[in-house]
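Trainee: I should like to learn how to read the features of a structural model. Could we take them one at a time?

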Amino acid sequence: MFPGTEEAGNPNSNSFVNPEQAGYVGFANLPNQVHRKSVKKGFEFTLMVVGESGLGKSTLVNSLFLTDLYPERHIPLASEKITQTVKIDASTVEIEERGVKLRLTVVDTPGFGDSLNSTDCFKPVIRYIDEQFERYLQDESGLNRRHIIDNRVHCCFYFINPSGHGLKPLDVAFMKAVHHKVNIVPVLAKADTLTKLEVQNLKRRIMDQIEDYGIKIYPLPDCDSDEDEDYKEQCRQLKNAVPFAVVGANSIIEVKGRKVRGRMYPWGVVEVENPEHCDFIKLRTMLITHMQDLQEVTQETHYENYRAENLANGGSPAGKASRGAPPSQSDGLSQRERELLQKEDELRKMQEKLARMQAEMDSKRPEVQPNGNIKTHNV
Ligand code: GDP
């Protein structure tokens, strides 16, 4: 049973307090986290949502950012799903709140776990993550270093089916395949289909499985001891809430004169933004307050892993192709990207030529010997 809607307005002292006003996502607070320069430029963040279809991914994303990210969505028929491969849909929206811009890219993975052969359905997802790293690596070593667009995946919400008894083999296999590449945040989907006790038990079971299988999810950072008590309490509650039990809804319902985002059932209304009903606000608070940390972990851990692996392998096939021969027309790069790579190639050749000339001059230069005599090379 859901808590009655009367309770909704009176959260007890122990409950999680939404740090934001209704109608705000909360990223206007991002300037407090980063340097002012980034404020002018705006923030770039990429969130990936993965999980079986029908678990409420799109609904949750739209609820999170108060926007419709999928206006022209096509839901495949069962017959299409059998052979369907996982598609990667990236939608970018620029949202502005109190003068702060956020360029948000949400990467959806329709078809995940849908086809009969679901064991390798996560390969396109891995390829996508790697491609974004590769592109960043290319940009970083190219000419246009100051204006790199960061499309790397900073966070992945992994949706767990609430009707199972914990993680399924596919969940374990996927998370293990990507945990060194991306920050995984597990979410328990459609939490309104479970009782409070069922949510508690399932959460515990999932966390036990995560530990037993050695899955590394995004570690919420510890807060410093000199932080204020409210912030420490917020961190503690966020940590305890993992995997976040969420409910999504796109409709606004009136409950006792208040307009709330929720799902109406014959027995009551589940309010998405009520911390007594689900962890939606906790999930959003986690995402907003840790956006910078998620980016830093992506840069310092996941991207560095990729770079090290790339170096050890002598560069990925994609990287080598563009570093060696001039890129072909069928490489999926835009005209501008191709021109940049070509310029970069020319610059490298010039640098090599200069280095050769320098070496030649050095070999001809007279050397001063310790006794003051000048020794010349015979050429
Ligand atoms: P996706 O395929 O994972 O993107 O799932 P959708 O967002 O399209 O949702 C699939 C269905 O589940 C729709 O009918 C939604 O209205 C419903 N749904 C979405 N979120 C929830 C939720 O939190 N609880 C419940 N009970 N249903 C939901």
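Mentor: Let us begin with a ligand contact: a polar side-chain atom of Asp192 lies 2.8 Å from a nitrogen atom of the ligand. A polar contact is a pair of N or O atoms within 3.5 Å; within protein, one must be able to donate a hydrogen and the other to accept it, and residues adjacent in sequence count only if both atoms are side-chain atoms. This is a predicted model, in which local features need pLDDT of at least 70 and side-chain atom pairs count only at pLDDT 80 or more, while totals for chains, interfaces and linings use all residues. Residues are numbered from 1 along each chain as its sequence is written, and side-chain values use heavy atoms, with hydrogens and water left out.

Trainee: Which atom of the ligand lies 2.9 Å from a polar side-chain atom of Lys57?

Mentor: The partner of Lys57 is an oxygen atom. A polar backbone atom of Gly248 is likewise 2.9 Å from an oxygen atom of the ligand.

Trainee: How much of the ligand's accessible area does the protein cover?

Mentor: Accessible areas come from the Shrake-Rupley method with a 1.4 Å probe; for residues, only the protein chains shown count as cover. On its own the ligand has 580 Å² of accessible area, of which the protein covers 76%.

Trainee: Which element gives the most residues to the shell around the ligand?

Mentor: Elements are DSSP runs numbered from the N terminus: helices (H or I, at least four residues) and strands (E, at least two). Helix H2 gives the most, with three residues. H2 (57-65) and strand S8 (258-265) are the elements that give two or more.

Trainee: How should the sheet be read, and in what order do its six strands come?

Mentor: Two strands pair if DSSP finds at least two bridges between them. Here the sheet is open and its pairing mixed, in the order S2-S3-S1-S4-S5-S6. S2 (89-97) and S6 (244-245) each have a single partner strand, so one side of each has no neighbour in the sheet. S6 pairs with S5 (residues 184-188) in the parallel sense over two bridges, and Phe244 in S6 is the bridge partner of Val187.

Trainee: How many aromatic pairs are there?

Mentor: Rings of Phe, Tyr and Trp (its six-membered ring) pair if their centres lie within 6.5 Å; planes under 30 degrees apart count as stacked, over 60 as edge-to-face and the rest as tilted. The count comes to eight. Among them, Phe112 and Phe174 are edge-to-face, 5.1 Å centre to centre with 80 degrees between the planes.
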